[in-house]
Amino acid sequence: MKGRGVSIIGAGMSTFGEHWDSSLRELIVDAAVKAIADAKIEGKQLQAIYGGCMASGQFSNQEHVGALIADYLGVNPLPSTRLEAACASGGVALRAGIMAIASGFYDVVAVGGVEKMTDVSTEAAATALGGAGDEEWELFQGATFPALYALMAKRHMLEYGTTEEQLAAVAVKNHANAAKNKYAQYQKEITIQDVMKSQYIASPLKLFDCSPLTDGAAAVILCESSLAKKLCEKPVNIAASSQASDTLALATRKSITSLNATVVAAKDAFTQAGLKQKDIDVAEVHDCFTIAEIIALEDMGFFPAGKAAKATEDGLTKIGGEIAVNTSGGLKGCGHPVGATGVKQAVEVTWQLRGEADGRQVKGAKVGLTHNVGGSGATAVVHIYKRGF
Ligand SMILES: CC(C)(COP(=O)(O)OP(=O)(O)OC[C@H]1O[C@@H](n2cnc3c(N)ncnc32)[C@H](O)[C@@H]1OP(=O)(O)O)[C@@H](O)C(=O)NCCC(=O)NCCS
């Protein structure tokens, strides 16, 4: 990675789920206070804040979230900026924080992500989320996000013979991991039959193929690496930070069984880190729908095109398999508060590399990867992390 070294010295998150008794500001302050305490620093040592949030105006009638975070965290007049890239808002906020330190602008910054999605009806949430795609050509025509990913799933089935049972295997694995995560929205295991019997949302995707609507927040503290070594016993170093873009509408893409933004960002990230896919011990990938995890694993080169569904069915992506994928439970089991997800993925990888992931710990994990997607792939952000101790 170019520039100065950047390390994570603190990580924290709220529980994910339906929080009837916590507001947007309370969720992000909860996560930020935990991350600051974990870093063993004080708020006044921070030099800037970067916050990811997708649609707080539509979900909570609250904009200006950057300033809100600084205000309720009690760190004014610190510069505090909100970033938006749909479901990749957290990932781009993380990247902004990394670039601010790598460039020499700051030495210590906080990165947060937050969304409070359950105060509106499911229909209103679907409309807000639909804005992550092409409003004129997709949402206005009735194509919600489950529908867009259903199109990708249908095409993947046609081209590669992927089955609904194989998609279900993604959900079963991620719920099993979430059951071992006290922060997860769904701490219950499910079976292939449970998934297969659940209601169709947009065929072939059923209820258990979908990530849920979630309230939650996550935060990390970033620090210049030589300073991090002095402040922190177990720093986690950023080995790569990459981002790419693609068309908003699926109709204008060459292929819908692959997200080119993921392909480009992952290739660049592996080059930056000087690592190969086999070096990754633990990966948090963007499984907003089960098909999304399959496509992500193929696009990032963990499995050849058309082979990730079978690999999942064969258990290669379980904890203890070839590569542990979505140990937190992923978006499917842990929940998907859209603006928080990219930061939560960094929190999970930090805990894994520090050996603090409780019952879902990947033994001896040294290198991790996070993959965060905006909308149906118009933004993709990939980060690679290395144990720094
Ligand atoms: C799938 C979806 C439409 C279901 O919403 P809904 O029909 O309003 O569901 P409800 O809130 O009425 O919940 C019904 C039950 O299913 C459960 N549930 C809801 N969504 C679930 C999910 N995705 N996975 C597992 N269980 C789910 C609820 O906990 C509830 O269980 P209970 O009856 O035991 O309490 C909604 O979760 C959704 O829109 N998901 C996609 C979100 C999205 O597009 N994100 C952006 C991705 S890019």
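Student: How many helices and strands does the secondary structure of the protein chain come to?

Tutor: In this predicted model, the protein chain has 14 helices and 12 strands.

Student: What makes the protein chain as compact as a globular protein of that length?

Tutor: Set the radius of gyration against the globule rule. The chain gives 19 Å, and the rule gives 21 Å for 389 residues; the two are close, so the chain counts as being as compact as a globular protein of that length. If you'd like its extent too, the C-alpha trace spans about 55 × 45 × 40 Å along its principal axes.

Student: How much of the chain is buried?

Tutor: Of the 389 residues, 62% count as buried. The accessible surface comes to about 14,700 Å², and 53% of that belongs to carbon and sulfur atoms.

Student: What share of the contacts with a separation of 6 or more comes from residues 24 or more positions apart?

Tutor: That share is 77%.

Student: And the charges: how many positive and negative side chains are there?

Tutor: There are 36 positive and 41 negative ones, with the centres of the two sets 8 Å apart.

Student: Let's pick some residues. Why is Ser-198 called buried?

Tutor: The cut-off for buried is under 20% relative accessible area. Ser-198 has 10%, so it counts as buried. You'll find Ser-198 in the loop between α8 (192-197) and β5 (200-202).

Student: What is Ser-198 in contact with, leaving aside its neighbours within four places in sequence?

Tutor: Ser-198 touches Lys-206, Leu-207 and Phe-208. With Phe-208 there's also a polar contact: the side chain of Ser-198 reaches the backbone nitrogen of Phe-208 at 3.4 Å, and the limit for such a pair is 3.5 Å.

Student: Which residues does a cis peptide bond with omega of about 10° join?

Tutor: One such bond joins Asn-76 and Pro-77, and another joins Ser-203 and Pro-204. Pro-77 sits in the loop between α3 (65-73) and β3 (80-83), while Pro-204 is in the loop between β5 and β6 (205-206).

Student: Why point out cis bonds, or a positive phi?

Tutor: Because most peptide bonds are trans, and most residues other than glycine have a negative phi.

Student: Where does Ala-86 lie, and what is its phi?

Tutor: Ala-86 is in the loop between β3 and α4 (89-102). Its phi is positive, about 55°, although Ala-86 is not a glycine.

Student: Is Ala-86 buried or exposed, and how do you know?

Tutor: Its relative accessible area is 7%, which is under the 20% cut-off, so Ala-86 is buried.

Student: What makes Asp-358 buried or exposed?

Tutor: Exposed takes over 50% relative accessible area. Asp-358 has 55%, so it is exposed. Asp-358 also has a positive phi, about 50°, although it is not a glycine, and it lies in the loop between α14 (341-353) and β11 (367-374).

Student: Why is Asn-260 called partly exposed?

Tutor: Its relative accessible area is 42%; that falls between the 20% and 50% cut-offs, so Asn-260 is partly exposed. Asn-260 belongs to helix α10 (residues 260-273).

Student: How far apart are Asn-260 and Ala-244, in sequence and in space?

Tutor: Asn-260 and Ala-244 are separated by 16 residues in sequence and by 8.3 Å in space, going C-alpha to C-alpha.

Methods:
Residues numbered from 1 in each chain as written. Predicted model: local features only at pLDDT ≥ 70, side-chain atom pairs only at ≥ 80, totals over all residues. Heavy atoms only, no water. Helix = DSSP H or I, 4+ residues; strand = E, 2+ residues; numbered from the N terminus. Rg over C-alpha atoms; globule rule 2.2 N^0.38 Å. Buried < 20%, exposed > 50% of the residue type's maximum accessible area, 1.4 Å probe, protein only. Contact = heavy atoms within 4.5 Å. Areas by Shrake-Rupley, 256 points an atom, 1.4 Å probe, with all protein chains shown as cover. Lys, Arg positive; Asp, Glu negative; His and termini not counted. Charge placed at Lys NZ, Arg CZ, Asp CG, Glu CD. Polar contact = N/O pair within 3.5 Å; in protein donor to acceptor, adjacent residues only side chain to side chain.
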